[in-house]
Amino acid sequence: MNTLHYTIYSAIGVIIGLTLPVILDGVERKIKAILQSRIGPPITQTLYDLVKLVNKEIKPIHTSPFILLYLLSFIATSIASIYMVETYVYTLESIYITLGLSLLAVSLTSLTLTPLLVPNPFSYAGGMREVILALINESAFILSTTLYATITNNLVQLKSATTPSILLSITTAALTMFISGYALTGRVPFDMAEAEPELASGVLVEFSGSLLAAYMYCNLLKRLLVNLIIVSVTVTPLIGESAYSLAAVYALTIVLWVIFAITAVILGRSRIDLAPRTLTKTYILLLALSITGLLVHAYA
Amino acid sequence: MSIVKKAIKPVEVLVIAGKTKRVTVKYPYQEPILSPEFRGSIEINPEKCIGCGACVNACPPNALEMIESQDKKTLRYYVGRCIFCWRCIDVCPVGAIKGTRNFELATNDPLDLYTYIVHSKAECSSCGNKVETVKMRKYIMQKSPITENYVNKCPDCRKKSFINAISTRKVGFHGE
Amino acid sequence: MLMHSDSIINEYVSLAKFMKGDAKAEKDTVHIVVPKETLVNTASKLFNEYNCDFRTCVGVDERPLNGYFSVTYIFTDNKNGLYILVKTYTEPQNPVIPSIVKTVPGADWCEMETRDLLGIEFADRDQYRLVLPSGWPEEIHPLRKDIPYNYRPPIRSVSEKITPSTELGVIPIGPYHPALHEPEYFELYVEGERVVDVKYRGFHVHRGIEKLAETRMTYQQVNFLAERICGICGFEHSTCYALAVEKAAKIDVPERAQYIRSIVLEVERIHSHLLWLGVAFHVVGYDTGFMHMWRVREKIMYLAELLTGSRKTYGLNLVGGVRKDINEEKKQKTLETLKETEKDFKKLVEVAISVPQVKKRLTGTGILPREDAVKLSVEGPVARASGVNKDARRDQPYAAYKYASFKIPVYTEGDNLARALVRVDEVLESISIIEQLLDRIPRGPIKLEDFEIPEGKTGVQVVEAPRGGDIHFVITGHGKPYRWRVRAPTYSNIPALKIMLKDQPLADAPLTIASIDPCFSCTDRVLVVRENSKTEWLKLAPGVQI
């Protein structure tokens, strides 16, 4: 496979990556409805919603005129990040996954700061909660993904023996990656930034028209990006380099999205003082185990 | 083992959802679920109605109103105020009101919501006023043994004649 | 509870005489009349020594009858199942009555409502405007007999602004807010994520029901009006009204009608508690529980429509009986539905309470200690979750409850989870009550055809609504009530919110507010239509002006 093929496949992958979240959100709503014994909206409902919003006017808010740019910059950095991840899938060099993760961190910053730009006390409260959760979840996600990617790459490429300590290290890193990835997608139990009833007057009320459509789309794109990273890092070392690896990665991303959707239906919303505490404790424990396992393997 | 069981308990909701299929109905493309006892709007039969006004007295929100004019008495039913309690059906002496299962009553033209039943009034032979309806007079003739002395009068004149008749019998002259 | 022993009634009569007043006992009601000067002492003795429960106070404009205003305080003696009415009169020119709020804190709101609607001033307390909007003219008191029911005074529109504060954050919830189902206004003063104080302003949808019943409705029509006081607990309002009028007129309702009333009351209780559980799950974010709970509730709604003809606002009660009977087929259907519901409900509650987020957020939040619950005279599941063993079905038995045996669930923790568990237990008890009553229902007529309602009689009745004790007070008049007073249970429960919300995390505020199961339609009772700061006439059709 030469670089031209890679570039074409990656470009097609980026386009798929940009359109998939809208359909997958419709699938998620349908699954939620089935599990709640009702018929629910059709799968294309999210698409209809976004199209309708884009056709409406934006009611002016007293904030920076560049607020749309924040959201557009999120989309731009996400595109770059998706491209990096896809390159990792084809080349299996960890530099690309590191680049992908740093671009993820940059894009998430612009998205997390958007509620703080809106002059509404509910929006500030929601924004602050979002910042707290982002700090905890992002650091855990980046750390655990890097750990997992480096360890598996070394194992696959250097073909070194698998000892129990390295297995422990891998499983705890994977667990942290899945949990923090799930928390990053902003589903129940961690969607408290906007969905808490007493705060339901923040960003989702102030934004309107194409601004609101852009905000909703960015949240969906964030979910896709996180899923893509998790699946690429887990699955690619097993498949190796092949022409179909990107297709397999996207297929498994869809499966992971469905699994996350089912998990969201079963749980309730956590509280802003309970969630960070539980999450921090869990992450510190798991990451400590992972690093210990790694050190034991390295020096034993 | 029981700790694992307790942790897995929330997942049982999937089992519950599996047992009960979808319970919602694609209304208006499918029929809504109504029980046999459902109360909808009412229908008044203009042939049977005698214009007595019993339903107007009983109606709690005043959806049924009697509009008086010189020669006509009109019963007006305004669906917008009706609470579908069916009290009018309970009290109608001739059974002119029927209950239906209609509840899809929205319309673009508010005048569609009014139903009018117009009765002509009968003239009183002594004072010349028109007070009760023709059908009401016929109903009274059917239901009670009333003599020609009273049947063509309005209720007030009937009362006066009756009192005069009694006072004539007892005292011997017309009282006032 | 059981026999009204003469000794306890004699004690009340001698208490009245000691306070320079007079007393008369009629079956289960003791009417006490005392002069103004001894009112506070009488109330304090009843509340503290005899441990009577304070319910409400009623102001009556009796000037057409005897030239005075009167205020009646309603207490109930729960251990003996008695109603104690303490009445006092005042002159019409400058009506002033000493306030009992220092000894009975629960009397706060009802005294201010009497002041707003009748113009009776209360001495020894700070007075404030409670029910009427701020721009309402001072001299117009709507419930006085000389003000017609359709009189619209010129209102100066005053917009009420949020209280600014520099040290604390102020979060306004309402009057229109996605978390609330009815308009009310809460101002939460927060420090970070902790609620420090609460201000409440309600009465946005006051509809003038009491005035309507006194002026343009007949006795039988008021049943339908009473049913529409609340969208969830309407049937118990119409039953309470019918029972109060029947008590005042001393009408003997056929037994079968009383059984049917109790059965439908319990069906209403089940549907109300299922609704509340669904809403509580939704507020915590567990939408799946919400959808499934309302799916279970749907069967009960169908059952209600089968028994009465309508899913809500049943239109079943009349003074003197009920309008629809329960035949054999309906009885079988009821028993089947209840069996299925019980199974589904138990399974669902088991699964839903085990969800870790639901459990963590319900436990230990919104605590109401027992002493505060007793002091503020809270009602219903809120009281029973704080350890106060109070239930009108057992204490003042009405309709057919004396023929059924049931338990009253009481928990002591006083947090949101206790309130939820009280309601869960009550649903299971209700199912058992309906099965018992259906088994023993006697044959006979369901409605009394001929009866007379004498004028000038007083009737009081407490009915245990899903939210607590609802009390109706009726003074009969000519063809329609002379005075009708409704005190819904949420009226007593809202002042308890101040205590429950203090020092709680902000995220639990909607959950705590929802846990008292607020029914603001029951609490307020009038409406002022206002658009663009001028009163607007609603033109429904040519010639129809409201």
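**Chains, contacts and core of a predicted model**

In chain B, 63% of the contacts with a separation of 6 or more are between residues 24 or more positions apart. The model is a predicted one, and chain B makes a handy place to start. Its secondary structure amounts to seven helices and six strands, which run along the sequence as α-α-β-α-β-β-α-β-β-β-α-α-α. For 176 residues the globule rule gives 16 Å, but the radius of gyration of chain B is 28 Å, well over that value, so chain B is more spread out than a compact globule. Laid along the principal axes, the C-alpha atoms of chain B fill a box of roughly 105 × 40 × 25 Å. Of the 176 residues in chain B, 20% are buried.

Chain A is built from 11 helices and zero strands, so to speak a plain run of α-α-α-α-α-α-α-α-α-α-α when read along the sequence. With 300 residues, a compact globule would have a radius of gyration near 19 Å, and the 20 Å of chain A agrees with that. The box filled by the C-alpha atoms of chain A comes to roughly 60 × 45 × 45 Å along the principal axes. Buried residues account for 45% of the 300 in chain A. Among contacts in chain A with a separation of 6 or more, 79% link residues 24 or more positions apart.

As for confidence, chain A has a mean pLDDT of 87, with 96% of its residues at 70 or more. Within chain A, the low point is helix α7 (residues 192-195), with a mean of 66, and the high point is helix α2 (residues 45-54), at 95.

One residue of chain A gives a feel for how distant parts of the sequence come together. Ile254(A) sits in helix α10 (residues 245-266) of chain A. From Ile254(A) to Leu24(A) is 230 residues in sequence, but 7.5 Å in space from C-alpha to C-alpha. Ile254(A) counts as partly exposed because it has 16 C-beta neighbours inside 10 Å.

Next come the contacts between chains. Where chains A and B touch, seven residues come from chain A and 11 residues from chain B. On the chain A side of that contact, four residues are nonpolar, two are polar and one is charged. The contact of chain C with chain A takes 24 residues from chain C and 22 residues from chain A. On the chain C side, the elements giving two or more residues are β8 (169-173), α8 (255-284), α9 (287-308), α11 (356-362) and α18 (509-515) of chain C. By class, that side of chain C has 15 nonpolar, five polar and four charged residues.

Chain C itself is assigned two domains, domain 1 (6-123) and domain 2 (209-508). The C-alpha centres of domain 1 and domain 2 of chain C lie 27 Å apart. Domain 1 of chain C puts 19 residues into the contact, and domain 2 of chain C puts in 19 residues. On the domain 1 side, two or more residues come from each of β2 (29-33), β3 (53-62), β4 (68-77), β5 (82-90) and α4 (108-118) of chain C. Of these, β3(C) gives the largest share of that side, six residues. The domain 1 side divides into nine nonpolar, seven polar and three charged residues.

The largest nonpolar core holds 252 residues, and Ile74(C) and Ile84(C) touch the most other members. Helix α9 (residues 209-239) of chain A supplies the largest share of this core, 18 residues. Domain 1 (6-123) and domain 2 (209-508) of chain C both give residues to the core, so the core lies between them. Leaving aside residues up to four places away in sequence, Ile74(C) touches Arg55(C), Thr56(C), Cys57(C), Val58(C), Tyr83(C), Leu85(C), Val460(C), Ile471(C) and Phe473(C).

Helix α6 (residues 219-227) of chain C is largely enclosed by the rest of the structure, because nine of its nine residues are buried. The buried residues of α6(C) include Tyr219(C), Val222(C), Phe224(C) and Leu225(C), along with Gln220(C), Asn223(C) and Glu227(C). The cover over the buried residues of α6(C) includes α5 (209-215), α7 (234-249), β11 (317-318) and β15 (481-487) of chain C.

Methods:
Residues are numbered from 1 along each chain as its sequence is written. Chains are lettered from A and ligands numbered from 1 in the order in which they are written. This is a predicted model: local features need pLDDT of at least 70, side-chain atom pairs count only at pLDDT 80 or more; totals for chains, interfaces and linings use all residues. Two residues are in contact if their C-beta atoms, placed from the backbone, lie within 7 Å. Ala, Val, Leu, Ile, Met, Phe, Trp, Tyr, Cys and Pro count as nonpolar, Asp, Glu, Lys and Arg as charged, and the others, Gly among them, as polar. Helices (H or I, at least four residues) and strands (E, at least two) are DSSP runs, numbered from the N terminus. A residue is buried if 20 or more other C-beta atoms lie within 10 Å of its own, exposed if 12 or fewer, and partly exposed in between; C-beta atoms are placed from the backbone. Domain bounds come from an automatic or database domain assignment. A nonpolar core is a set of buried Ala, Val, Leu, Ile, Met, Phe, Trp, Tyr and Cys residues joined through C-beta atoms within 7 Å. pLDDT is the predictor's confidence in each residue, from 0 to 100. The radius of gyration is taken over C-alpha atoms; the globule rule is 2.2 Å times the number of residues to the power 0.38.
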